Amino acid sequence: MAISLFDLFKIGIGPSSSHTVGPMIAANEFAQFLSNENILDDVFRIECELYGSLGATGKGHGTGKAVLMGLEGDWPESIDPKSVDVRVEAIHTNHALLLLGHKSLTFHPETDLIFHKIKRLDFHANGMTLRAFNNELNLIVEKTYYSVGGGFIVKENSKGDVELVEDSTELPYEFNSAVELLDLCKRHDLSMAELMLENEKVWRSEAEIKTGILNIWSVMQECVENGKANEGILPGGLKVKRRAASLFADLSNKNRMDMITPSLGAMDWVNLYALAVNEENAGGGRVVTAPTNGAAGIIPAVLHYYWDFCPRSSEQGIIDFMLTAAAIGMLFKKNASISGAEVGCQGEVGSACAMAAAGLAAATGGTPEQIENAAEIGMEHNLGLTCDPIGGLVQVPCIERNAMASVKAINSASLALRGNGSHYVSLDKVIKTMKDTGLDMSEKYKETSRGGLAVNVIEC
């Protein structure tokens with residue numbers, strides 16, 4: 001299975017890649033199918049059922065909004081985040097949506113958009129079924145999709161089997177484990193970033209790859225700036241106050257060298273970067289899925305740390321960081337999961353922490369062995385992390401959790417760079433352990449809001 005860096009790092013909107021980005025893509029693909037099959041004019045009614053984690057926490061994660069926007073023809077990377085609430089309110093008020101932006105349909109969200117809080121489909125916790133009916137309310141077409149994390153979706157065919165449509169592109173340096181990745185780097189005398197760049201060239205030119213990476217970096221920077229500027233209360237009912245703007249104001253009044261004692265200095269800024277991104281994500285703003293929205297603040301925070309605090313930081317370092325982080329992310333995607341609904345938050349925040357640690361180690365001159373060690377440390381110390389969002393919102397504990405993991409990623413890279421790359425637990429072993437732990441984990445700790453903090457903290 002060939003995975004591109006640009007599959008892992010998608011530009012979209014918050015608050016969740018699996019609950020917002022994936023469902024929007026699925027709903028859009030369903031509407032496009034109706035158009036491509038020339039049956040759009042026959043459609044009188046649309047119905048969507050959301051199962052498992054999508055049903056249990058979908059309202060807090062904006063899944064319903066995402067489905068509506070997808071049916072109207074929008075894509076996560078191009079939709080205007082500021083337009084969403086106004087358009088969704090209009091659909092609720094007028095009981096009508098514009099299928100693919102031009103065919104008006106009667107639509108009652110209360111009955112046509114169904115959230116199953118307990119019932120789930122067999123293949124994956126994030127399942128959704130879309131149906132189209134004619135004016136006699138006879139079923140025209142039914143399709144089931146699964147949002148499997150990071151904005152990736154798969155779908156069932158007409159026989160009810162899941163179609164795992166994988167990219168079969170042949171890569172010059174194919175790898176499916178960290179051992180294979182390290183061996184390729186050694187045999188061909190390549191850094192991880194150089195190896196990844198050669199693989200990416202099967203889809204794009206080198207110039208396009210570098211421009212694309214720097215564009216992702218610019219979106220991350222814009223997200224941090226927006227988070228630093230926006231104040232107020234996050235939507236959803238928990239009344240969580242945005243903190244990034246006041247923290248930025250406080251830090252801006254201090255000399256950075258004076259903050260080394262007694263505070264953590266640079267780590268205060270890392271906290272700010274992560275909080276800014278995840279508050280934007282919680283507010284439905286523009287973010288980069290990295291590799292998920294729930295963990296979207298970690299890689300940008302560590303990238304900003306590299307850019308602002310590491311000597312000799314450069315755009316080439318940013319490119320090396322992202323290419324290396326993608327290589328590590330692919331290992332998690334191929335061999336375990338990046339879906340909180342499948343393996344808990346260890347699959348989201350843990351994977352992002354490992355990716356960020358590896359990226360920082362690469363950008364600051366680490367060897368492939370030190371990079372693999374950094375990634376292993378980042379993941380090992382996130383094992384068992386549950387996904388238990390209060391109220392089904394990507395706010396508590398998600399926002400602070402990104403700040404904690406960002407600092408942990410930097411420390412992971414530091415520990416690895418102080419060694420020679422040799423260590424006791426391999427990255428492959430810790431990825432397998434993460435998968436096994438996720439499979440053993442109770443369903444109530446997998447993005448259902450039926451366990452952990454979600455039931456032990458009173459919503460006020």
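**Notebook: a record, a hairpin, a helix and a loop**

I began with the UniProt record, an unreviewed entry, which annotates residues 4-157 as "domain: Serine dehydratase beta chain". The model I have open is a predicted one. I looked up the make-up of residues 4-157 and found 38% helix and 30% strand. The C-alpha atoms at the two ends of that stretch lie 25 Å apart.

Next I turned to strands E3 and E4. E3 covers residues 96-99 and runs antiparallel to E4, with 4 bridges joining them. I checked leucine 98 and found that its bridge partner in E4 is serine 104. The two strands form a hairpin with 3 residues between them. In the turn, leucine 100 has a positive phi of about 55°.

I then followed the side chains along E4, residues 103-106, and saw that they alternate. Lys103 and Leu105 point to one face and are buried. Ser104 and Thr106 point to the other face and are not buried.

Helix H8, residues 192-200, came next. How many of its 9 residues are buried? I noted 7, which leaves the helix mostly covered. Among them are Met192, Leu195, Met196 and Leu197, and also Asn199 and Glu200. The buried residues of H8 pack against helices H1 (5-8), H7 (178-188), H9 (206-229), H13 (315-335) and H16 (368-380).

Last, I looked up phenylalanine 123, which sits in the loop between strand E5 (113-115) and strand E6 (126-133). Phenylalanine 123 counts as partly exposed because its relative accessible area is 37%, between the cut-offs of 20% and 50%. From phenylalanine 123 to tyrosine 146 I read 23 residues in sequence and 7.9 Å in space, C-alpha to C-alpha.

Technical notes
Residues numbered from 1 in each chain as written. Predicted model: local features only at pLDDT ≥ 70, side-chain atom pairs only at ≥ 80, totals over all residues. Heavy atoms only, no water. Buried < 20%, exposed > 50% of the residue type's maximum accessible area, 1.4 Å probe, protein only. Pairing = 2+ DSSP bridges. Contact = heavy atoms within 4.5 Å. UniProt positions renumbered as here; feature names shortened; annotations may be inferred.
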